[in-house]
Amino acid sequence: MNNLLDILNKSVNYLEKKNIKNARLVAESIISEVMGMERIMLYAEFEHLMSEDELTKIRKKLNETVNKISEKDIFENMEKSKKQLKFLLDKSISYLEKNNINESKLIAEIVFSHILEIDRMMLFTKYRNEIEDEKIEKIRYFIKKIGQEKFPVQYLLNEQEFFGRKFYVDKGVLIPRQDTEVLVEKAIEILKNDTLKKNISEKNSKNRKKILDIGAGSGIIGISVALEIKDSYVLGIDISEKALETSEKNKEILNVKNIKFLKSNLFENIEFKEFDMIISNPPYISFNEVGIMSDDTLLHEPSDALFAENDGLYFYYEICQNALDYLADSGYLLFEIGYKQGNNVAEIMTSSGFKNVEVIKDLTGLDRVVVGQKIKNKI
C-alpha cells in the first residue's frame, strides 16, 4: 500500500540502510515538507493515500539528503576519524568517482603525492602513515574543488608533464595533452634528419635551424623542440599576454637559451622569412562539438585556445595562406589536428601549394598531425 504510514516506514528503512543518523526524524521532516503539514500531524493522517507526484518528490528528497550527508561524512571522517594515508586516499577516490571524475584513482594519487611530497608510485609504502591536519585540509580542498567544480588537477598544482619534463600551467593556457607529443616527435625527427643530410656544423650559426611556433600557449612545443634540437633558434608567438607570461615562466624554469617569445597575431609581427620549420597546434575544435567536450575543459580552459570557426578549420586556412612566404626553400609546415580533420587539412595544405603532404597517426591509430613541405618549382 501507498498510504502515508507505509511510505514513512519505508523511508525510515531506506535511510537506516544508508547509515543516516536519526533516520525517523529525517524521514518525518522530508515527508512533512512534501505534504505541507506539521510533522506531528503525519500520524494523524496515516491512512492518507499518496499520489505519484508526492511519492516522486519524497524519493527525490530522500536521495538528495543521502547524497548530501554522505558527502559531508567523507570529509568529517577525514578530519575526525582515521588519519592514515590509505583510509584518506580510498575516501577521496570514492568521492571523485561519485562525482563522475574520470581516472579518479590517478587524480587522487597525484594530489596526495604532491601535497605529501611522495613519489606517486611509492604512496603504497606509506599507507599506514598518519597525515597532519594541515595537509588533510589541503587534500580536502583540492579533492572537493576537483569533484564539485570539475577543476582540473593540473591547474590546482600548476604543473603538467610533457615530453618528459614538468611545465608550469595555469588557467591562462591549455593543459598540455599527450596527443601533442606526436607533433613534437615528428618535428624533431624531421629536423634531425634534415640536419644530418646537410651536414651542418654546430659552429656555423648562420645554418642553425630556425623554427616558428604559432600559438605558443604555455610554450611546451617550442621549448621541447629547442631543448631537443640544441643547434636551433625557436621563436614562439601568441596573441595572448597571459599565454606569453606562462611561456616565459617555463623558459626560465627549464633554463632554455635558444628560444624567444613574441606577441603576434599569426604572422602580423614576424619580420624574418626564412624559417626552416613552422609548427602549430592551433584552436581546431568546431563549435558544433561543444556538447561532447568534458566539463573540466569547457568550464576552466580558455575557449579562445580551443574553438575555431569554419568547422574548426579557420586557422589552418589562415596559416597556410601565408606560411609559404615565411619558409625557406624545402622548409616544413606541421600542424596538430583533430582526429576527423586529416583529409581536410591535407587538402588545404595541398591547395595552398605545399608538397609531400602527409597525415601522421597517433598511437591509437587516429589522425593527429599533418606535415607539408615548401618545394621551389624548377624553371
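Author: One definition comes first: contact means heavy atoms within 4.5 Å. By that rule, Asn258 touches Ala226, Ile229, Lys230, Ser232, Tyr233 and Val234, not counting residues up to four places away in sequence. This is a predicted model.

Reader: Where does Asn258 lie?

Author: Asn258 is in the loop between α10 (241-253) and β5 (259-263). One of its contacts is with Ile229. The two residues are 29 residues apart along the chain, and their C-alpha atoms are separated by 9.5 Å.

Reader: Why is Asn258 called buried?

Author: The cut-off for buried is under 20% relative accessible area. Asn258 has 13%, so it is buried.

Reader: What does the chain as a whole contain?

Author: The chain has 13 helices and 9 strands. Of its 379 residues, 47% count as buried. Take the contacts with a separation of 6 or more: residues 24 or more positions apart account for 63% of them.

Reader: Let us turn to helix pairs. Why are α1 and α2 called oblique to each other?

Author: Start with the angle. Helix α1 (residues 4-17) and helix α2 (residues 23-35) pack at about 135°, with their axes 8 Å apart. Now the cut-offs: under 35 degrees is roughly parallel, over 145 is roughly antiparallel, and 65 to 115 is roughly perpendicular. The rest count as oblique. The angle of about 135° is in none of the named ranges, so the pair is oblique. The crossing of α1 and α2 is right-handed.

Reader: Which residues make the contact between α1 and α2?

Author: From α1 come Leu4, Ile7, Leu8, Asn9, Ser11, Val12, Leu15 and Glu16. From α2 come Ala23, Arg24, Val26, Ala27, Glu28, Ile31 and Met35. By type, they divide into 10 nonpolar, 2 polar and 3 charged.

Reader: Why are α4 and α6 called roughly parallel to each other?

Author: Their axes come within 9 Å and cross at roughly 15°. Angles under 35 degrees count as roughly parallel. The value of roughly 15° meets that cut-off, so the label applies to α4 and α6. α4 passes α6 in a right-handed crossing.

Reader: Which residues make the contact between α4 and α6?

Author: On α4 they are Leu88, Ser92, Tyr95 and Leu96. On α6 they are Ile136, Ile139, Ile143, Lys144, Ile146, Gly147 and Gln148. This set divides into 7 nonpolar, 3 polar and 1 charged.

Reader: Which residues does the UniProt annotation "binding site" cover?

Author: The unreviewed UniProt entry gives that annotation to Gly215, Ala216, Gly217, Ser218, Gly219, Asp238 and Asn281.

Reader: Why can one say that they gather at one spot?

Author: In sequence they span 67 residues. Yet no two of their C-alpha atoms are more than 11.6 Å apart, so they gather at one spot.

Reader: What makes Gly217 count as buried?

Author: Its relative accessibility is 16%. Buried means under 20%, so Gly217 passes the test. Gly217 lies in the loop between β3 and α9. Leaving out residues up to four places away in sequence, Gly217 touches Val173, Asp238, Ala243 and Ser247.

Reader: Why is Gly215 called partly exposed?

Author: Its relative accessible area is 34%. Buried needs under 20% and exposed needs over 50%; partly exposed is in between. The value of 34% belongs to the middle class, so Gly215 is partly exposed. Gly215 also lies in the loop between β3 (209-214) and α9 (220-228). Beyond its neighbours within four places in sequence, Gly215 is in contact with Ile237 and Asp238.

Reader: Where does Asn281 lie?

Author: Asn281 is in the loop between β6 (275-280) and α11 (295-300). Setting aside neighbours within four places in sequence, Asn281 is in contact with Thr180, Leu183, Ile214, Ile221 and Glu336. UniProt also lists Asn281 with Pro282, Pro283 and Tyr284 for "binding site", in an unreviewed entry.

Reader: What is the phi of Asn100?

Author: Asn100 has a positive phi of about 60°, although it is not a glycine. Asn100 is found in the loop between α4 (85-98) and α5 (104-116).

Reader: Why does Asn100 count as exposed?

Author: Exposed means over 50%. Asn100 is at 66% relative accessibility, so it counts as exposed.

Reader: Where is Ser330, and why is Ser330 called partly exposed?

Author: Ser330 is in strand β7 (residues 327-336). Its relative accessible area is 33%. That is not under 20% and not over 50%, so Ser330 is partly exposed. Its phi is also positive, near 70°, in a residue other than glycine.

Key: Residues numbered from 1 in each chain as written. Predicted model: local features only at pLDDT ≥ 70, side-chain atom pairs only at ≥ 80, totals over all residues. Heavy atoms only, no water. Axes fitted to C-alpha atoms, helices over the stretch in contact; angles between N-to-C directions. Helix = DSSP H or I, 4+ residues; strand = E, 2+ residues; numbered from the N terminus. Left-handed = near helix turned anticlockwise from the far one by under 90°. Nonpolar A, V, L, I, M, F, W, Y, C, P; charged D, E, K, R; others polar. UniProt positions renumbered as here; feature names shortened; annotations may be inferred. Buried < 20%, exposed > 50% of the residue type's maximum accessible area, 1.4 Å probe, protein only.
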